[in-house]
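Please open the structure in your viewer and keep the selection panel at hand. The stops below are best taken in order.

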Amino acid sequence: MSEPETREIRTDYLARVEGEGAMLIRLRGDELEEVQFKIFEPPRFFEALLRGRQYTEAPDITARICGICPIAYIASACNAMEAVCGVDLPDELRALRRLIYCGEWIESHVLHTAMLHAPDFLGYDGAVELARDRRDLVELALRLKKAGNTLMRVIGGREVHPINLRVGGFYRAPTVSELQALVPELEWARDAAVELTRWVAGFEFPDYEQDYAFVGLRQPGEYAIERGRIVSSTGLDIDVSEYEHHFTETHVERSNALHSTLEGVGPYLVGPLARYALSSELLSPLAREVAAEVGLGPVCRNPFRSIVVRAVETVYAADEALRLIAAYERPAEPWVDVVPRAGTGHGCTEAPRGICWHRYEIDDEGVILDAKIVPPTSQNQKVIEEDLVGVVRQSLHLPEDELAHRCEQTIRNYDPCISCATHFLKLEIERM
Amino acid sequence: MHEQALIDDLIAKILAVAEAERGGQVVRVRVWLGALSHFTPEHFREHFVDASRGTVAEGAEVEATVDDDLTHPRASGVVLESVVVASRGNRVSG
């Protein structure tokens, strides 16, 4: 048999991450019968691979769970290991951990607000298309994000997956002059974040609200970031070690991400809307002033307005970073000794997307025997589905491509890990 | 962690190329795997076989080049360099 005639087509096409989520809308006549939101991103088995490793390794290993919010995983793991070993971090090291966390909030919030979510509201496919018409805004956002990244690099040694944090503190504490050098750019960033907030507050928001059960950390005297008790708008107020007595994770066949529920309540929301509802009075005066100026009341129940709350939190993170730098004195020692002892420790911090909870059991040698990690996106998954039901019910009159866009926009309200892709959602409508 | 989503996107592009070539069967694809792409050629082929099943790309030969330059601007990426398509009517038997 002769070789078939062929033709080679040069493509030079860079593959993109696409379609990590799918959504099924089942209609009976004109009535919405069911909405299923599926996440395909495969399990990564971090909890299993932590077993047998040293307690000192957990922060660096879990940091790899996310390239955008590694500090959340590092800080939660450190808190848990310090708790099991009976160590209270000195105030100056705690403040430094909070400071680098501010850097993460800035870079993560700006990435999502300006590059991923804003284009949804303005009818652009992404930030590249937005830049063609609003280069000034995209450049402002890039510089703002860079200010957060720089803070992470100066304290953490590098911007992505920082390597200077350890159980008990830091390998090296920055000098006062190293942090002071960041002040002018952070002052610019604070002003730019105010501008960003005003810009996004002017978007047109779908008229949709949900009566959420908000869950977040609360810390007396400060807007909770790197520590606090777990509280809810339904009256919960517990130590982070009690989490598993009140929250349940369940596996559903259609998704690789576990679904979380709060006992006696059901689905709950974590992240900016929750933090803001639970602790907005603890924001800095400037952040509170900006929030009031753009019309945010004490509680915001419209998930599409989460973009505004995220921008207000960016103002706060820049403001708080400046406050922490002004008060900074280089610690005599960059870390405290943390001697392992057998037991179980818990840690929980406010990742940009919501609470990130860790539990570790270690032995006397510091070997990890068991680990459990509950990231924010999976906690929100069930409430995302509830939002989708509400939004789809309001939007069934839309053409299919517009409906898909509205659903992607709804899911992006939560800044989930899968939404970096431009078109991450495969929409299937089943009519019965 | 994103291998499946990357391959799905790549298959979509390959099928679009084949469609533009009047639906001919895909005989061979050439891909470039960046040093930080987390792919080995074997790993890539395994995903490709799964993702291409039932499409005109099923059974296509995969030529994968692995780059070892960590500083390459596309080091974390996967690039579809070319697609070889049989002319329509020339179905290639397995």
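Select B:Leu10 to begin. In this predicted model, B:Leu10 is classed as buried because 27 C-beta neighbours lie inside 10 Å, and a residue needs 20 or more within that distance to be classed so. The residue belongs to helix α1 of chain B, which covers residues 3–20. Now display its contacts: leaving aside residues up to four places away in sequence, B:Leu10 touches A:Ala15, B:Val78 and B:Leu80. For a distance across the chain, add B:Thr65, which is 55 residues apart from B:Leu10 in sequence; their C-alpha atoms are separated by 16 Å.

Next, select the sheet. Four strands form an open sheet with mixed pairing, in the order β1(A)-β3(B)-β1(B)-β2(B). At the edges are β1 of chain A (6–14) and β2 of chain B (61–66), each of which pairs on one side only. On average, and with direction ignored, neighbouring strands are turned by 15 degrees against each other.

Move to the place where the two chains pair. β1(A) runs antiparallel to β3 of chain B (residues 78–86), and seven bridges join them. To see one of the partnerships, select A:Thr6, whose bridge partner in β3(B) is B:Ala86.

Which strands does α1(B) touch as it packs on the sheet? The helix touches β1 of chain A as well as β1 (26–33) and β3 of chain B, and its direction makes about 35 degrees with that of β3(B).

Finally, select helix α2 of chain B, residues 41–52. This helix also packs on the sheet, touching β1 and β2 of chain B, and its direction makes about 145 degrees with that of β2(B).

Note on methods: Residues numbered from 1 in each chain as written. Chains lettered and ligands numbered in written order. Predicted model: local features only at pLDDT ≥ 70, side-chain atom pairs only at ≥ 80, totals over all residues. Helix = DSSP H or I, 4+ residues; strand = E, 2+ residues; numbered from the N terminus. Buried ≥ 20, exposed ≤ 12 C-beta atoms within 10 Å, placed from the backbone. Contact = placed C-beta atoms within 7 Å. Pairing = 2+ DSSP bridges. Axes fitted to C-alpha atoms, helices over the stretch in contact; angles between N-to-C directions.
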